[in-house]
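Here's a friendly walk through a protein chain for anyone meeting it now. Have a look at the structure, then read on.

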Amino acid sequence: MPAADMADLAEVIRTLMAVEARRDTRVRLGGNLFDVVITSSSMQARAAVARMDEIQGGCGPVIENPEHGWFYWLVPPGPSDQWEPHTHAVCLGAPHTMILPSLNRRVPPGPFWVRPSASDRLVPTGPLREALAQFRPEPTPHAALAVQLGITT
């Protein structure tokens, strides 16, 4: 029987191969892949992407979902466990899932890559938090995500 971490690794490889093969693919957040920070896709959020371009020499992966008006910032795994509440962003990890668009989708319809996925980088959460605090993208995703995820307060 293979070790649990080998099964996880096999799932990660299958997922990445599907995205590379130009198929939309559902992935589990957390684990060894990434968590996701969700913001609006407003002009303020686009200014935050430009700021992250400066910081990173090209921003890590960002997906736009025009149907919801959201950006999905792919960040290293783990911050969803320690994410301090942010007035303009929500961070999700396990047990949630999301659909990654195929790597060649750079325009609508449907979710597309604003900044493509690169194997060597994700969006660093510290500088991202600072950029989001500076640019304050509106509307915030909190209420809409709570409804979508069935979260009650």
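## Before we start

A word on contacts, since they come up below: two residues are in contact when heavy atoms of theirs lie within 4.5 Å. Keep in mind, too, that this is a predicted model.

## The overall layout

Let's begin with the parts list. The chain is built from five helices and seven strands. Starting at the N terminus, the order is α-β-β-α-β-β-α-β-β-β-α-α.

Of its 153 residues, 40% count as buried. The accessible surface adds up to about 8,400 Å², and carbon and sulfur atoms account for 56% of that. Contacts often reach across the sequence: taking those between residues at least 6 apart, 80% join residues at least 24 apart.

## Helix H2 and what covers it

H2 takes in residues 43–56. This helix of 14 residues spans 20 Å from its first C-alpha to its last, close to the 20 Å expected at 1.5 Å a residue. Which residues of H2 are buried? They are Ala-45, Ala-48, Val-49, Met-52 and Gln-56. Looking down the axis of H2, you'd find these buried residues within an arc of 105°, so they line one face of the helix. There's a simple background to that pattern: an α-helix has 3.6 residues a turn, so residues three or four places apart point the same way.

Over on the other side of H2, Met-43 and Glu-54 are exposed. As for the buried residues of H2, their cover includes E2, E4, H4 and strand E7 (112–115). Right after the helix comes Gly-57, with a positive phi near 70°.

## Helix H4, a partner of H2

Now for H4, which runs over residues 125–135 and has Leu-128, Ala-131 and Leu-132 as its buried residues. They sit on the same side of H4, because the arc they cover around the axis is only 100°. Turned away from that buried side is a face carrying the exposed residues Glu-130 and Gln-134.

What do the buried residues of H4 pack against? The answer is strand E2 (35–40), helix H2 and strand E4 (70–75).

## A buried glutamate

Glu-64 belongs to strand E3, residues 62–65. Is Glu-64 buried or exposed? With a relative accessible area of 8%, Glu-64 is buried, because the cut-off for that is under 20%.

The side chain of Glu-64 makes a polar contact of 2.9 Å with the side chain of Arg-46. Leaving out residues up to four places away in sequence, the neighbours Glu-64 touches include Ser-41, Trp-70, Phe-71, Gly-110, Pro-111, Phe-112 and Val-114.

## Bends in the backbone

Two cis peptide bonds are worth finding in the loops. One joins Pro-108 and Pro-109, with omega about 15°; Pro-109 lies in the loop between strand E6 (97–100) and E7. Another runs from Glu-138 to Pro-139, with omega near -5°, and Pro-139 is in the loop between H4 and helix H5 (142–149).

That loop between H4 and H5 also holds Arg-136. Arg-136 isn't a glycine, yet its phi is positive, at about 50°. At a relative accessible area of 46%, Arg-136 is partly exposed.

## A note on cysteines

Cys-59 counts as buried at 6% relative accessibility, and Cys-91 is buried too, at 9%. How many disulfides are there? The count is zero, going by whether a pair of cysteine sulfur atoms lies within 2.5 Å.

Definitions and conventions. Residues are numbered from 1 along each chain as its sequence is written. Side-chain values use heavy atoms; hydrogens and water are left out. Helices (H or I, at least four residues) and strands (E, at least two) are DSSP runs, numbered from the N terminus. Buried means under 20% relative accessible area, exposed over 50%, partly exposed in between (1.4 Å probe, protein chains only). Accessible areas come from the Shrake-Rupley method with a 1.4 Å probe; for residues, only the protein chains shown count as cover. The arc is that of the directions from the helix axis to the C-beta atoms. A polar contact is a pair of N or O atoms within 3.5 Å; within protein, one must be able to donate a hydrogen and the other to accept it, and residues adjacent in sequence count only if both atoms are side-chain atoms. The expected span of a helix is 1.5 Å times one less than its number of residues.
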